[in-house]
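Me: I'm new to this one and would like a close look at a single part of it: the side-chain contacts. Could you walk me through them slowly?

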Amino acid sequence: MVGTALAFVKRDFLQDISYKGPFAFRLAAILFWVPVMYFVSGVFEGTASAFLKPYGGGYFPFLLIGVALLDYHALSLQIFSNSIRESQMMGTLEIMLLSPTRLPAMIIYSSLWGYIFTSFRFILYLLAGSFLFNLNLGNANLPAASVVLLLSIVCFAGLGITLASFIVLLKQAGSLDLFLRSASLLLGGVVYPIEVLPEWLRQASFVIPITYSLSAMRLTLLQGYSLGQVRLDVLALVTFSVVFLPVGLLAFHFAVQRVKHTGTLGHY
């Protein structure tokens with residue numbers, strides 16, 4: 001199992017670094033976006049917002065963590081679908097599905113390198129903020145933040161696998177991934193606290209996993225909160241995880257069985 005997972009990681013890593021320009025740009029772009037976020041936050045300097053007080057009062061740390069965590073959400077909505085789409089176009093999807101690797105494991109293994117690279121980018125965001133603009137993470141509760149991150153990834157992955165099942169079944173997911181990303185950006189508290197939203201929109205934000213991910217991640221990294229102190233957010237993430245991931249895997253299994261029956265597995 002470990003050997004198979006490492007083989008997937010090695011394959012995707014070698015493929016990724018073979019395009020040296022885009023690979024380097026995805027890392028260097030962090031050095032562009034962190035200053036942009038810092039200077040944007042300067043617009044609000046000296047304006048104490050009650051909405052930011054739970055997270056330490058600063059807008060720059062709030063925004064930086066929001067944008068960095070959004071990377072995981074965007075990746076999850078794309079990586080599974082892109083992997084399936086690429087395999088369909090290359091004619092390798094049938095071969096992969098006939099391999100001894102079980103379908104759920106294959107889906108998860110195909111995403112490992114993407115999450116490893118995104119985690120590296122997440123760390124770079126925090127390091128750039130700390131060294132360039134004095135982002136204070138001295139109180140960070142790293143074990144608690146790691147648990148929050150893991151639960152967030154599981155939630156997001158469940159959504160992404162469900163989208164991938166649409167690719168298998170319908171050969172395209174339409175604008176569903178764009179809708180989900182837009183909804184999370186609007187309602188999830190990525191660039192502003194959800195408390196600034198109208199009441200009816202704020203209620204909608206409570207059914208979006210990233211709302212709880214961002215709340216718990218900011219509190220554990222910026223305020224040093226323990227898992228017990230963010231237990232409501234953690235409980236919500238656990239609930240989303242035990243629902244979204246099995247539903248995603250079942251949807252993908254159904255989609256594969258359906259296209260095998262119709263003989264359209266390799267169509268795109």
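Reply: Let's start with the aromatic rings. In this predicted model, there are 14 aromatic pairs. A good one to find on screen is phenylalanine 13 with tryptophan 113: the ring centres are 5.1 Å apart and the planes stand at 75 degrees, so this pair is edge-to-face. For that label, the angle has to be over 60 degrees. Now look at where the two partners come from. Phenylalanine 13 belongs to helix 1 (residues 2–17) and tryptophan 113 to helix 6 (residues 112–133), so the contact ties together parts that are 100 residues apart in sequence. As for cover, phenylalanine 13 is partly exposed, at 31% relative accessibility, while tryptophan 113 is buried, at 12%.

Compare that with phenylalanine 240 and phenylalanine 244. Their ring centres are 5.2 Å apart and their planes are at 40 degrees, so this pair is tilted. Both rings sit in helix 11 (residues 231–262), and because they are four residues apart there, about one helical turn separates them. Phenylalanine 240 and phenylalanine 244 are both buried.

Back to the earlier pair for a moment, as it has company. Phe13 and Trp113 are joined with Phe23 and Phe117 in a cluster linked by ring pairs. Rings can also meet a charge: the charged end of arginine 218 sits over the ring of phenylalanine 62, at 3.5 Å from the ring's centre.

That brings us to charges meeting charges. Side chains of opposite charge can pair when their charged atoms come close. Here the count is three salt bridges, and we can visit each of them.

The bridge between aspartate 16 and arginine 26 has an N to O distance of 2.4 Å. Aspartate 16 is in helix 1 and arginine 26 in helix 2 (residues 20–41), so the bridge ties together parts that are ten residues apart in sequence. Aspartate 16 counts as buried because its relative accessibility is 18%, and the cut-off for buried is under 20%. Arginine 26, at 30%, is partly exposed.

Next, try aspartate 71 and arginine 121, whose closest N and O atoms are 2.8 Å apart. This bridge links distant parts of the chain, with aspartate 71 in helix 3 (residues 59–90) and arginine 121 in helix 6, 50 residues apart. Arginine 121 is buried, at 12% relative accessibility.

Then there's glutamate 199 with arginine 202, where the closest N and O atoms are 3.3 Å apart. These two are three residues apart in helix 9 (residues 199–205), so about one helical turn lies between them. Glutamate 199 is partly exposed at 44% relative accessibility, and arginine 202 is partly exposed at 23%.

One last stop takes us to the surface. Leu31, Ile123, Leu127, Phe131 and Leu132 make a nonpolar patch of about 540 Å². Helix 6 gives the patch its largest share, four residues. Isoleucine 123 has its place in helix 6, and with a relative accessible area of 46% it is partly exposed.

So if you want one element to keep in view, try helix 6. Tryptophan 113 is there, paired with phenylalanine 13 of helix 1; arginine 121 is there too, bridged to aspartate 71 of helix 3; and the nonpolar patch takes its largest share from that helix.

Conventions: Residues are numbered from 1 along each chain as its sequence is written. This is a predicted model: local features need pLDDT of at least 70, side-chain atom pairs count only at pLDDT 80 or more; totals for chains, interfaces and linings use all residues. Side-chain values use heavy atoms; hydrogens and water are left out. Rings of Phe, Tyr and Trp (its six-membered ring) pair if their centres lie within 6.5 Å; planes under 30 degrees apart count as stacked, over 60 as edge-to-face and the rest as tilted. Buried means under 20% relative accessible area, exposed over 50%, partly exposed in between (1.4 Å probe, protein chains only). A charge sits over a ring if NZ of Lys or CZ of Arg is within 6 Å of the ring centre and within 35 degrees of the ring normal. A salt bridge is a side-chain nitrogen of Lys or Arg within 4 Å of a carboxyl oxygen of Asp or Glu. Patches are made of residues with over 30% relative accessible area and no salt bridge: like charges are joined within 9 Å, nonpolar side chains (Val, Leu, Ile, Met, Phe, Trp, Tyr) within 5 Å. Accessible areas come from the Shrake-Rupley method with a 1.4 Å probe; for residues, only the protein chains shown count as cover.
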